[in-house]
Amino acid sequence: MATTRAVVAVAYGGPEQLHVVEVDPGEPGPGEVLLDVRAAAVNPVDWKSYAAGDPARLPLRLGLEVAGTVAATGPNVRWLSEGDEVIAWRVDGGYAGALVVPEQSTVRRPPTLPWAEASGLMVTGTTAVHTLTATRTRTGDVVLVHGGSGGVGRMVTQLALLRGAHVVATASPDAHDDLRELGAVPVAHGEDLVRRVRAALRDAGLGPATVAIDTVGTDEALEASVELVRDRGSVVTVAGFGRAAELGIRALGGGPGADPGTQVREQARAQLVELAGDGSLDVRVARTYPLEEVALAHTASRGGHARGKLVLLP
């Protein structure tokens, strides 16, 4: 195949270190497929990966999740054919026009799910499933979600509600209408949070919170969680890695001392595709960018105010 465009970080630092270059995507080997990438989602781990590190790793390719069309298959590919439309996660170097990926990293894209939304389903969705599995969230639970309007928090909110739980979610006031539409009780984060969460629960006719899922990692969120939920085994964080052990709660994900939940996350892919495909799960895309505007996309992601996924369109 001819060369394709790809994003690389040429040095450690900020988005100014990102460049679009020509690369050879290579040919698919045994059990691999070549994807024509239609959309690549932006995640915080992408820009954190080139904040600092070993210079020997440079230039650094970016991008963990994509959606695209199979352009070619390698030997021993078992269930995909040229022309199939798929979601791929976890991949290496997804910010590109074409990419070789393991067949096992793919699931079929539901035809009802647009390309941009499809590319942004897996990182947030599998993280959300991991949090709900780790806390054993079930019908009747009252779940406190910190950061309910963020990518992971919004997924947690929806999936908890689909399990039959009740959700109280913290978020900025401009996101409260969206959370109400999803079926959650919104609460503004900030001063005196514990009292205001308890008041919101009382006003909604709900009992005490039985589960707390933190997606923001602030002291406010972590301390409120352990004060509001009696069983610390039902409190998890995907962001507050530094204080998790101190507070006696579990950290999940890729941080130091955290449970990566690899098997849980891998097994969640089929469920997520089904729910997103039939409209039960809403993947919100805040904005799309051409590949050349990757620095703008990362600047927006670093700002933390996007109401949904940011997606690159190669």
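In the predicted model, helix H6 (residues 193-203) lies across strands E9, E10 and E11. Relative to E11, helix H6 runs at about 160°. The three strands beneath this description belong to an open sheet of 6 strands, arranged in the order E11-E10-E9-E12-E13-E14. The pairing in this sheet is parallel. Its edges are formed by strand E11 (185-187) and strand E14 (250-251), each of which pairs on one side only. Within the sheet, strand E9 (residues 142-146) and strand E10 (residues 166-170) run parallel and are joined by 5 bridges. At one position of this pairing, His-146 stands opposite Thr-170 in E10.

A further open sheet consists of 3 strands in the order E2-E1-E4, and here the pairing is antiparallel. Strands of a sheet pair through backbone hydrogen bonds, in either a parallel or an antiparallel manner. The edge strands of the E2-E1-E4 sheet are strand E2 (18-23) and strand E4 (60-61), and each pairs on one side only. Strand E1 (residues 4-9) pairs with E4 in the antiparallel sense over 2 bridges. One residue pair can be named for this contact: Arg-61 in E4 is the bridge partner of Val-8.

Helix packing is illustrated by helix H3 (residues 122-134) and helix H9 (residues 262-277), the axes of which come within 9 Å and cross at roughly 115°. Because angles of 65 to 115 degrees count as roughly perpendicular, H3 is described as roughly perpendicular to H9. The crossing of H3 past H9 is right-handed. On the H3 side, the contact is made by Met-122, Gly-125, Thr-126, Thr-127, Val-129, His-130 and Thr-133. These residues meet Val-264, Arg-265, Ala-268, Arg-269, Gln-271, Leu-272 and Val-273 in H9. By residue class, the contact of H3 with H9 comprises 6 nonpolar, 6 polar and 2 charged residues.

The surroundings of a single residue, Pro-102, were also examined. Pro-102 lies in strand E7 (residues 98-102). Its relative accessibility is 40%, and Pro-102 therefore counts as partly exposed, since this class lies between the limits of under 20% for buried and over 50% for exposed residues. When neighbours within four places in sequence are left aside, Pro-102 is in contact with Gly-31 and Glu-32. Ala-88 is 14 residues from Pro-102 in sequence, and the C-alpha atoms of Ala-88 and Pro-102 are 8.6 Å apart in space.

Terms used:
Residues are numbered from 1 along each chain as its sequence is written. This is a predicted model: local features need pLDDT of at least 70, side-chain atom pairs count only at pLDDT 80 or more; totals for chains, interfaces and linings use all residues. Side-chain values use heavy atoms; hydrogens and water are left out. Helices (H or I, at least four residues) and strands (E, at least two) are DSSP runs, numbered from the N terminus. Buried means under 20% relative accessible area, exposed over 50%, partly exposed in between (1.4 Å probe, protein chains only). Contact means heavy atoms within 4.5 Å. Axes are lines fitted to C-alpha atoms, for helices over the stretch in contact, and angles run from 0 to 180 degrees between N-to-C directions. Angles under 35 degrees count as roughly parallel, over 145 as roughly antiparallel, 65 to 115 as roughly perpendicular and the rest as oblique. A crossing is left-handed if the near helix is turned anticlockwise from the far one by less than a right angle, and right-handed if clockwise. Ala, Val, Leu, Ile, Met, Phe, Trp, Tyr, Cys and Pro count as nonpolar, Asp, Glu, Lys and Arg as charged, and the others, Gly among them, as polar. Two strands pair if DSSP finds at least two bridges between them.
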